[in-house]
Amino acid sequence: MAEEEEPKPGKVKAERLKAKGRKIVQVDPTENDATADSPVNHRDRDDIPQTALNKSDIEHPKSEIKMEVHHHPEVEKKGFKEYLLEGLMIFIAVMMGFFAESARESLSEHNRAKEYAATLYSDLKADTVSLDKFLKRIDFGASNVDTLMQLLSANDPKDIPRGKLYWYGLFGGMQLAFAPHDATLLEMKSSGSLRFFTKPAINRMVAEYDQRLQFFRSMLENEKGVYTEVRKTKALLFNFKYNDAANTVTQRIYVKYNRPVIDSFIRTNPPLLSTDKIVFNQFVELVRSRFLRNQAQYADSLRHHAVVLISALKKEYSLDDE
C-alpha cells in the first residue's frame, strides 16, 4: 500500500480559508526579498491589515526631481557721474518741495496777518471815537473843576453864589469811563498771532499801544476809589435834586454847547446843605486827587498812538475804510 503524502501546512490553511469564503492570495516566495524562513511567508496575507498590505504591496516609483536654475540678469554698473546726477535730482526735488511748502505757509500767514490787521484797524478806529468823546468830557469837566478851585481859594463858600457852587462842583464828581475795543488785540496776544505782523515797526507800535492802553485802564480802575469818596463828600454839601437839574444841562451841552443855558441854571441859586469850609476843603482835595488833567493827557496820548497805528496798518495791508 502506497504511503499517503502528508499535506503541507500552508495548503491546509488555504483550504480552510477557502471554505470560510475568504479570498486566497497566492504569494510567490521568490518574489519577496524576505527569506523562506521569514514569518511573512508562513502567514496568509488575509491576516495582515489592509492598510499594511497596501503600503507593502504598492511600489512607489522614485520621482525624478528636476532643479530649475534661475539666471539673474546682469546689472549694469553705473558710473560716479550717474550716481551724482541721481543724488542731485533727488536733492533738487526735496528742495523744491521745501520751497513750495514755505511759500504756501508764507502766503497763508500773510492772509492771516491781513485779516487780523483789518479787524485791529476797525477796533482802533472805534477806540479813537470813544477817546474823542472821553477827551471832550474830561477837558470840559477839568476846566469847570479849575474854576471851582479858584472860587474857593479866593472866597468863603457862603459868599459864593450857590448856583456857581452847584454847577462847578458838579464836575468834581463826574464819572469817567472808557471801554476799549480790544478783542482782536487780546486774541492776538493769547494765541501768539502777533508774529504774523512781520514788519518790526508795526509790531513795536502794537506793543506800545497795548502798553499805554493797559496803563490807562489801570489808572481809571484805581481812580474809582477816589471817585466814591468824592461822591460821599459831595452828598454832604449839595442837594441831589438840584444836582439832577445840573446833570440835565450837561447832557444838553455835550450835544451842543450853549452858554446861555448854563448861565440860566447858575442864576437859579439853589440851596446848599452846608457851607462848612472844612467840608468844602475836603471835597476839593478829593477832587484834586482824581488828577483829571493827567487822565486827559494820557487819553490824548493813547489816541495819538491809535491814529499812528491805524495809518501804518492801512499802508502796510492796503486797507480801505468801510
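**Exercise 1. The second largest pocket**

Task: In this predicted model, state how much space lies in the second largest pocket, and describe what lines it.

Solution.
1. The volume comes to about 340 Å³.
2. The lining consists of 19 residues, and those closest to the centre of the pocket are Leu170, Gly173, Arg231, Lys234 and Asn247.
3. Two elements, α6 (200-234) and α7 (240-255), give two or more residues each to this lining.
4. Of these contributions, the largest share is that of α7, with 7 residues.
5. By residue class, the lining holds 9 nonpolar, 6 polar and 4 charged residues.

**Exercise 2. Helix α4**

Task: Decide whether helix α4 is mostly covered or mostly open, and name its buried residues.

Solution.
1. Helix α4 spans residues 162-170.
2. The criterion for a buried residue is a relative accessible area under 20%.
3. In α4, that criterion is met by Gly163, Leu165, Tyr166, Trp167, Tyr168, Gly169 and Leu170.
4. This makes 7 of 9 residues buried, and the helix is mostly covered.
5. One of these buried residues, Leu170, also appears among the residues closest to the centre of the second largest pocket.

**Exercise 3. Threonine 128**

Task: Place threonine 128 in the fold, classify its burial, and list its polar and long-range partners.

Solution.
1. Threonine 128 belongs to helix α3, which covers residues 80-154.
2. Its relative accessible area is 12%, so threonine 128 is buried.
3. A polar atom of the threonine 128 side chain lies 2.5 Å from the backbone oxygen of lysine 125.
4. With neighbours within four places in sequence set aside, threonine 128 contacts Arg303, Ala306, Val307 and Ile310.
5. For orientation, helix α10 covers residues 292-317.

**Exercise 4. Aspartate 210**

Task: Is aspartate 210 buried or exposed, and which residues does it contact beyond its sequence neighbours?

Solution.
1. Aspartate 210 sits in helix α6.
2. Because its relative accessible area is 13%, aspartate 210 counts as buried.
3. Beyond neighbours within four places in sequence, aspartate 210 is in contact with Leu185 and Lys189.

**Exercise 5. Positive phi values**

Task: For asparagine 269 and phenylalanine 291, give phi and the location of each residue.

Solution.
1. Asparagine 269 has phi near 50°, which is positive although the residue is not glycine.
2. Asparagine 269 is placed in the loop that joins α8 (259-266) to α9 (277-288).
3. A relative accessibility of 45% is why asparagine 269 counts as partly exposed.
4. For phenylalanine 291, a residue other than glycine, phi is likewise positive and near 50°.
5. Phenylalanine 291 occupies the loop between α9 and α10.

**Exercise 6. The chain as a whole**

Task: Summarise the secondary structure, burial, contacts and surface of the protein chain.

Solution.
1. The chain has 10 helices and 0 strands, and from the N terminus the order of elements is α-α-α-α-α-α-α-α-α-α.
2. Of the 322 residues, 30% are buried.
3. Among contacts with a separation of 6 or more, 83% link residues 24 or more positions apart.
4. The exposed area of the chain is about 22800 Å², and 55% of it is supplied by carbon and sulfur atoms.

Definitions and conventions. Residues are numbered from 1 along each chain as its sequence is written. This is a predicted model: local features need pLDDT of at least 70, side-chain atom pairs count only at pLDDT 80 or more; totals for chains, interfaces and linings use all residues. Side-chain values use heavy atoms; hydrogens and water are left out. On a 1 Å grid over the protein atoms alone, a cavity is a set of points where a 1.4 Å probe fits but cannot get out, and a pocket is an open set with protein on both sides within 12 Å along at least five of seven lines; lining residues have an atom within 4 Å of a point. Grid points are joined across faces, edges and corners, and a volume is the space filled by probe spheres set on the points. Helices (H or I, at least four residues) and strands (E, at least two) are DSSP runs, numbered from the N terminus. Ala, Val, Leu, Ile, Met, Phe, Trp, Tyr, Cys and Pro count as nonpolar, Asp, Glu, Lys and Arg as charged, and the others, Gly among them, as polar. Buried means under 20% relative accessible area, exposed over 50%, partly exposed in between (1.4 Å probe, protein chains only). Contact means heavy atoms within 4.5 Å. Accessible areas come from the Shrake-Rupley method with a 1.4 Å probe; for residues, only the protein chains shown count as cover. A polar contact is a pair of N or O atoms within 3.5 Å; within protein, one must be able to donate a hydrogen and the other to accept it, and residues adjacent in sequence count only if both atoms are side-chain atoms.
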